[in-house]
Each structure stands twice: as structure tokens, then as C-alpha cells.
Amino acid sequence: MKECCLKLFLLCKKSLVIFCLINLLASNVFAQDIFLTLDKYGERTEKLPVNVKIISRNDIEVKHVETLGELLQNEVGINFQSNGGAGAVTSVTIRGTSYQQTLVLIDGRKINDISLGGADITSISTNIIERIEIIRGSGAAIYGAGAFGGAINIITKKATDISPIIEGAISYGSFNTFSPYLDGAYATDKYAVFASISNISSDGYRDNSNFTDCNSFFSGQFNISDMSKLSLTGNIYRSKLNVCGSLAYPTPKNKLKNDNKYVQLEYNYIFDEICRFDIRGYLSNNMRYFYDATKKSHSVPFNEEINKYNSDTCGINVDFHYKEHTLVGLEFENDCYKENENLSGHNLNKNRGNYATYMQLNLPINKFTLIPGIRYDNNTKFGDVATPSISVVLNAGEKVKISANTGKIWRSPTFADLYCNQQKYKIYANPDLTPEHGISSDLGIEYAYDKVRLMSSVYYINGKDLIIWEYNATNSETHVKNIDKAKQYGVEFEAGYIMTSYLNCKLNYTYLKSENEITHKTLTYRPANTINYNITVKPLKNLSLTASLFYKSKVFTNGENTKSLDDFITLNINLNYKINDNLSFWVKGLNVGNAKYELQDNYPMPGIAIYSGINLKILR
């Protein structure tokens, strides 16, 4: 505890210096947005800790991003990894934690893969996203396992009486990348319906890296009465990717196919205007087919899948809200995982369940807001665990907000950690693993006035029994094991300034120190410094130009810290022209400086790429 307090004190000093030095820069006007993820009810961000962030639909549309990773990489405290271009596996991390320790949700439903632990955000179409809510740190404790670094909740679109009846876009660009989408929405006082279909196809920038997908989404709401509502959402995602492999081990004939789907039914009831009851049930099925041509001497058609991986999840979640200050919830989830690897002969059929109850309060006391919470989980494999957390927010006037958060965090081993035991490939899982656990704390301050916003925070994460896949180069064996403990601590800074109606800028900086406390080596793929700078110029009323500069310092790729990836800088430029209220045209250039860099060892990222498109909206 003394070490934790000392680290936070030193980081506070560093953060204060940064805060003062950049006081003349800064972000948008202090947003009075409603934030759902922290209390599941909806609270204004001014009353919440400074470690929360909202990415609005307008932010998404202005950048014309086709992947979630492209959008999230510009956010403070977030790092993302990718094996390449379109369709390649992409994952996100928060505050130096692993991708398995970062919880990703869609409308409050966890989507982290039950086999590997992380969330592959490639399958999430950006055109169905209404906004994204981010919690950095322990504020996500009520969601249970996996929220070591925090949580990212993707809120999907719902039809309203101001939604465009039809919205669509078509774009084309480098590597023969073609991407159309079409949305339809209709709403009355009684019901609302939203549907979307999108497609991406690309030849890829490397041999055997072509990709195609199709994403269909549906959302419907029916107002049973003035006090109750029934909602149904569903998604089907299918993709095919030629897997080119790494530079060291190319796979010119490997293929991967995904077939994911989910459905969610939710009922909301409000009574006496002070209480709300929510119940949600969901089913999801993720199928992954992998054809490994490197292990076969003869050709096998893709429809004769070699390896099959099947993940099934079902769950029920019940929330009761009293006024705006009390949340009590119950949760049950059952996971079933099956795999059939014809080449290795490895077969698996495992399942486990998790029962949970949680409670969180939101207590305003003069200028303070106290947010205590606790969650109790009973896992059929790992037993009981309680995760308390507490947040304190001080609104020290209209311009300044100070907050502090601390909480217990944990993550259960994945099915792959426990059972992926393949002697043929010298991979040895460990069924005796114990859950990861630790403490996450942070302290932050935010200043907002008129056209200026400043935010700075320090954080400290102390994790124990962390799970690693350790590769031994001497015997080429990989063993899964718990290490004693590791720590991550750092500073986050964000600043922005709306200079005029035609010029504004935004800057964020993240400093991260991560260390295995046994070997005293830096944890892999954790950059010490990350900087994002965005400037937007509007020379004409309907014309805007945005330049985004991204810097990432070098990262180590092995636990011994003998191998690393170089630091790099990329520059993206986006030009938008609004022809009228219904039609707009855009052009964007990614990595226009043609930087040579990798996010994953031996997986080069694309060089300069140019894309353009047209967006159409038919309003009511």
C-alpha cells in the first residue's frame, strides 16, 4: 500500500507539471453528455469521474473510419494491436493491460471471446454505432471479470423520430477496397425499427491477404405502454480472410472463415416515476473455421474445414434502479466451448457458468458525489470472488472537477489457457491456473471553461497471478503459467482548444511504465509514450480538413526485452465536403508519410492508402 501511494504521489507531481505546461492548449467545450455504462441508468458526465469518455456519432462520421481500431487508436490511454490490414485480427487494450484484461461490450453485453479472452473488434461495423462509452480503470468493476484496464461499451443505433429514413454510403480506395452500406430507420410513438447491412471487400496489401465480409444488424423497440418497452436486437456477421502469416512464417494458402451471430431481448418497466426494472436475455454463437494448408501436403477445398472452433454463450441480466442513486443487479451467464482440430487431433468440449449479484450507489453530498459499488461472482470453475470499488467526484466550481477511483479487479483464465494442450506443437496449457487479480487506482482533474478543456490523470494497477504464454527458444516449447505479479502505472493528459469557428485542435498524451516484478523487465507490447494530435480547419462553411498525427514509442516483443519494434509516426488527412443536407463527399489519406511500422512482430502495416466515398441521407 505504501508503494502504491508513493507511485501515485510521484505521478501526481509529473501530471501537475504537464497540466500547467500545456494549459494554453486544450479539447472541446465541457460536454454535458449522458453516460450510461457506469451506472446503467444514465448520468451527466459532469457528475462522473474524469476517467470516462464518450465518442459521439459525429466523431465517427467526420473521420469516416471503417474499423473500430482506427477510431479508438486516437483515444487517451488506449493502445491497439493488429496483424495487418482489412480483416486482420485487431484488439484493444487500456492502460497497459492485456487485450484479455480489457472488457468490450455491445449495448452492455460482453463480447470478449470465451476461448482466447480478447475481443476481436474487426467484426463490429462502425456504421451501426451511435456512440462509444469508455471507462478507464476500476469504474467498470460492476461488470465483473475482464475489466482490469477498463471497459469499452459500444451503443448501437436506435430509430428515432429524427433518424434519416434511409442512410447509405459507398467508398473505394487502395488495395481495391470497396465498402458500401445501407441503413433504414422508421419510428412512431408506438414502435421503432432500424436495420443495416454493410460489406467490405479488399485484395489486401500483401500476398494472400484478401478479405470480404457481410454484416447485418437489426434493432426494434415496441412501446407496450407509457411505462414499459420491449426491445429486440440481432446481428449476423460473416467473413472470409486469406491468412498471409508473418514475414518469418508466411502462409500463402491459409484461410479463415468467421460466422458470428447474436440476439438480445430486453424489457424495461418504469413505475411511480422513481423506479425502473430492466431484464435482458441474450444468445450468441461464434463459429471459426481455419484451414491450415501449411500442415497438409495435398490441396483441400475450403469447404472441407480443417479446424473448427465453436463458442456459445447465453445469459440473463436483471437490473433494478431506485431513483437515480441505487442500482441492484443479478446476472447469470453460461459459456460452452468446442473445438475440433483435425490436423493436431486435439478435441475439446468444455463449459462453465457464472452467477453474480452487484450493487452500486450514486450519492451526492454537497459538492461531492460518492459512487461505491460491489460485485459478488460465483464461478463454477473458480469459486467465489468479491470486487468492491469506490469513486469520489468533487465539483470544485463550474470549471474544475477532481475525482479518485480504486477497486479490486480480476480475470478468470480462458478455455485456451486451461485446455489448449497440443503436444504435437509443443503447446502445454495449464488446467491448474488461478484467476488474475489486483487493485486498480487513479486520480484525475479536469478543467473546462468556454472553448477550453483540460484533463489529466495518474493511475496505478497492481496485478498478481498474471497469466502468460511463455515460449522457450531452447526447446521450442510454450507453457501457460501464472507469474507472481506485475505493475502498470502512468499519466494521461488530454487538451483541446476551439480557437475559432473554423479552427480547433486536440492533443492527448499517455505515459506508461509496465513491469514484471519478478524479472523487472518491461511487459511486451506496452509503449512508454503515445501522442495523438488532431487539428481541424474549416476554410469554407461546408468544407473541413482534419490532420491527425500519431506517435508510438518502441515496444518490446519478448519477455527478456531483447527484441523490439521501432517507434513510428503516422499522419492521416481527411477532407470532407458537404454538398447539401442530404449528400456529402470525402477523401482521406492514411499513413500519408508512408511510414514503415509494425504493431505486431513480423506483421507489417500498410503504407500510404487513399480512400474516397459519398454519403447519402434521406431525411424525414
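A residue is called buried here when its relative accessible area is under 20%, exposed when that area is over 50%, and partly exposed in between. With that in hand, welcome to this structure, which is a predicted model.

## The chain as a whole

The chain has four helices and 37 strands. Of its 620 residues, 54% are buried. Its exposed area comes to about 27400 Å², and carbon and sulfur atoms supply 58% of that. Counting contacts with a separation of 6 or more, 61% link residues that are 24 or more positions apart.

How far can the model be trusted along the chain? The mean pLDDT is 86, and 90% of the residues reach 70 or more. Residues 1-32 are a stretch where pLDDT stays under 50, although the model has 74 contacts beyond four places in sequence for them. Where pLDDT is low, the predicted coordinates should not be read in detail.

## Salt bridges

How many salt bridges does the count come to? The answer is 26. Three of these pairs are set out below.

| Pair | Closest N to O distance |
|---|---|
| Glu494 and Lys53 | 3.2 Å |
| Lys157 and Glu167 | 3.8 Å |
| Arg375 and Asp377 | 2.8 Å |

Start with the salt bridge between Glu494 and Lys53. Glu494 belongs to strand E27 (residues 477-500) and Lys53 to strand E3 (residues 52-55), so this pair ties together parts that are 441 residues apart in sequence. Are these two residues buried or exposed? Glu494 counts as buried because its relative accessibility is 1%. Lys53, at 16% relative accessibility, counts as buried too.

The salt bridge between Lys157 and Glu167 spans a shorter stretch of chain, told here in its own terms: Lys157 sits in the loop between E9 and E10 and Glu167 in strand E10, so the pair ties together parts that are 10 residues apart in sequence. Both Lys157 and Glu167 are buried.

Arg375 and Asp377 form the remaining pair in the table, and both of these residues are buried as well. Beyond single pairs, salt bridges that share partners join Lys53, Glu75, Lys401, Glu446, Arg453, Glu494 and Lys506 into one network. Glu494 and Lys53, met above, are both members of that network.

## A nonpolar patch on the surface

Next comes the outside of the model. Tyr186, Tyr191, Val193, Phe218, Phe222, Ile224, Leu230, Leu232, Val263, Leu265 and Leu283 make a nonpolar surface patch of about 900 Å². Which elements give two or more residues to the patch? They are strand E12 (191-202), strand E13 (211-223), strand E14 (228-245) and strand E15 (250-271). Leu283, another residue of the patch, lies in strand E16 (residues 275-291).

## Ile165 and its surroundings

Ile165 is found in the loop between strand E9 (150-156) and strand E10 (166-173). With a relative accessibility of 34%, Ile165 counts as partly exposed, because that value falls between the limits for buried and exposed. What does Ile165 touch, leaving aside its neighbours within four places in sequence? Its contacts are Asp183, Gly184, Ala185, Ile618, Leu619 and Arg620. One of them, Ala185, is 20 residues away in sequence, and the C-alpha atoms of Ile165 and Ala185 are 4.9 Å apart in space.

## Cysteines

A disulfide is a covalent bond between the sulfur atoms of two cysteines. A search of the whole structure finds zero disulfides. For Cys336, which is in no disulfide, the nearest cysteine sulfur is that of Cys314, 9.3 Å away. Cys336 counts as buried, at 17% relative accessibility. Cys420 is also buried, with a relative accessible area of 12%.

## Two asparagines with positive phi

Two loop residues complete the tour. Asn561 is not a glycine, yet has a positive phi of about 60°. Asn561 is placed in the loop between strand E31 (555-556) and strand E32 (564-565), and with a relative accessible area of 17% Asn561 is buried.

Asn591 is not a glycine either, and has a positive phi of about 50°. The loop that holds Asn591 runs between strand E34 (583-590) and strand E35 (598-600). Asn591 counts as buried because its relative accessibility is 4%.

Note on methods: Residues are numbered from 1 along each chain as its sequence is written. This is a predicted model: local features need pLDDT of at least 70, side-chain atom pairs count only at pLDDT 80 or more; totals for chains, interfaces and linings use all residues. Side-chain values use heavy atoms; hydrogens and water are left out. Patches are made of residues with over 30% relative accessible area and no salt bridge: like charges are joined within 9 Å, nonpolar side chains (Val, Leu, Ile, Met, Phe, Trp, Tyr) within 5 Å. Accessible areas come from the Shrake-Rupley method with a 1.4 Å probe; for residues, only the protein chains shown count as cover. A salt bridge is a side-chain nitrogen of Lys or Arg within 4 Å of a carboxyl oxygen of Asp or Glu. Buried means under 20% relative accessible area, exposed over 50%, partly exposed in between (1.4 Å probe, protein chains only). Contact means heavy atoms within 4.5 Å. A disulfide is a pair of cysteine sulfur atoms within 2.5 Å. pLDDT is the predictor's confidence in each residue, from 0 to 100.
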